[in-house]
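Biologist: Before I plan anything around this protein, I would like to go through its model with you. Please show it first.

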Amino acid sequence: MSQNDFADWMRQVQARTETALADVLPDPNLAPARLHEAMRYAVLGGGKRVRPLLVHAAGQLVGAPSAHLDHAACAVELIHAYSLVHDDMPCMDDDILRRGKPTVHVEYDEATALLVGDALQTLAFQVLADNPVSATPAGQIAMIRQLATASGSRGMAGGQAIDLAAVGKQLSREELEFMHVHKTGALIRASVLLGAQAGTPPDEADLQRLDRYAKLIGLLFQVVDDILDAEADTATLGKTAGKDADNDKPTYVSLIGLDEAKRLSREMLAEAHEALAPLGERAARLRALADYIVHRPF
Ligand code: GRG
């Protein structure tokens with residue numbers, strides 16, 4: 001698969017995800033109009049749609065129908081959007097910009113931002129429950145369970161709790177990894193696994209390969225995020241490389257240094273490729289997505 005083919009495929013999935021999201025989000029003309037408008041503001045017209053791309057790439061590998069994948073992709077992206085809205089609020093990271101626009105609590109208000117996150121989260125599960133996403137009802141329930149586990153206290157929300165508790169503290173590398181595996185990694189892993197469950201279920205060996213890949217890129221995403229943050233910080237006067245300058249949270253760069261973080265990201269990328277090797281050409285898009293995660297725009 002050439003770079004151009006991959007770029008075309010990415011654009012195509014991003015466009016169909018945008019349409020699918022616009023279709024499932026509530027009509028802004030329906031009451032409560034302000035909440036519905038704010039939900040659309042939070043989700044549409046921004047974001048790289050990395051998680052939907054992973055759903056589609058894994059789903060195509062197992063011959064899943066595109067309609068199944070659109071719904072699964074929407075569900076994951078709605079959870080991601082909710083997490084960003086809540087993460088930006090004053091009680092968490094207190095950010096005023098997201099995707100180049102004012103954050104939801106700035107554009108609307110805090111109570112609306114809280115409700116936007118709540119409503120996006122429940123909408124994600126409604127999308128999975130209301131639409132065909134798997135060949136069997138048992139498969140559909142398994143996918144709902146997968147997303148719930150990845151989002152909850154043993155997944156993303158739990159990782160966020162650990163992150164908040166770590167402000168100003170020194171974490172070991174194991175503790176940092178545990179936090180990121182949950183906070184960012186769980187939803188990225190779920191994206192791959194939801195895609196893989198939306199078609200003919202892969203055999204156990206292939207499922208293990210996909211899961212290993214998914215875990216690696218989930219963590220890789222965060223290592224790269226820390227590297228990008230540190231490089232942006234050093235380019236800005238008054239910030240210290242390797243610290244999350246806004247709230248003094250530990251990062252890979254603060255713990256192991258920029259060069260070692262870069263080495264680690266190369267090593268994890270190579271391992272992710274290695275995990276997919278037995279799947280051959282069928283996994284070309286997943287391989288290219290791992291590369292994209294490392295070289296993604298900020
Ligand atoms: C509030 C329950 C709760 C959880 C929040 C994932 C998360 C947990 C917070 C996000 C904080 C953050 C910026 C983490 C760094 C990694 C990350 C998830 C970046 C944003 O994801 P991208 O790059 O964003 O996929 P776009 O805008 O492209 O969708």
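Modeller: pLDDT is the predictor's confidence in each residue, from 0 to 100. This is a predicted model, in which local features need pLDDT of at least 70, side-chain atom pairs count only at pLDDT 80 or more, and totals for chains, interfaces and linings use all residues. Residues are numbered from 1 along each chain as its sequence is written.

Biologist: Over which residues does pLDDT stay under 50?

Modeller: The chain has a mean pLDDT of 93, and 96% of its residues reach 70 or more. For the stretch under 50, the model has 19 contacts beyond four places in sequence (a contact is two C-beta atoms, placed from the backbone, within 7 Å). That stretch is residues 239-245.

Biologist: Which helix gives the most residues to the shell around the ligand?

Modeller: The shell takes residues whose C-beta atom, placed from the backbone, lies within 6 Å of the ligand. It holds 15 residues, the closest being Gly47, Lys48, Ser83, His86 and Gln160. Helices are DSSP runs (H or I, at least four residues) numbered from the N terminus, and H4, H8, H9 and H10 (204-234) each supply at least two shell residues. The most, four residues, come from H4.

Biologist: Which residues of H8 are buried, and why are they on the same side?

Modeller: Buried means 20 or more other C-beta atoms within 10 Å of a residue's own, exposed means 12 or fewer, and partly exposed is in between, with C-beta atoms placed from the backbone. In H8 (residues 156-165), the buried ones are Met156, Gly159, Gln160 and Asp163. Taking directions from the helix axis to the C-beta atoms, they cover an arc of only 100°, which puts them on the same side of H8. They pack against H4 (66-87), H7 (137-151) and H9 (173-197).

Biologist: Within what arc do the buried residues of H7 fall?

Modeller: Gln140, Met143, Gln146, Leu147, Ala150 and Ser151 are buried in H7. These residues line one face of the helix, because seen down its axis they fall within an arc of 120°. The face turned away from them carries the exposed residues Pro137, Ala138 and Arg145. The arc asked for is 120°.

Biologist: Is alanine 135 buried, partly exposed or exposed?

Modeller: Alanine 135 sits in the loop between H6 and H7. In space it is 9.0 Å from histidine 68, C-alpha to C-alpha, although the two are 67 residues apart in sequence. Because alanine 135 has 16 C-beta neighbours inside 10 Å, it counts as partly exposed.
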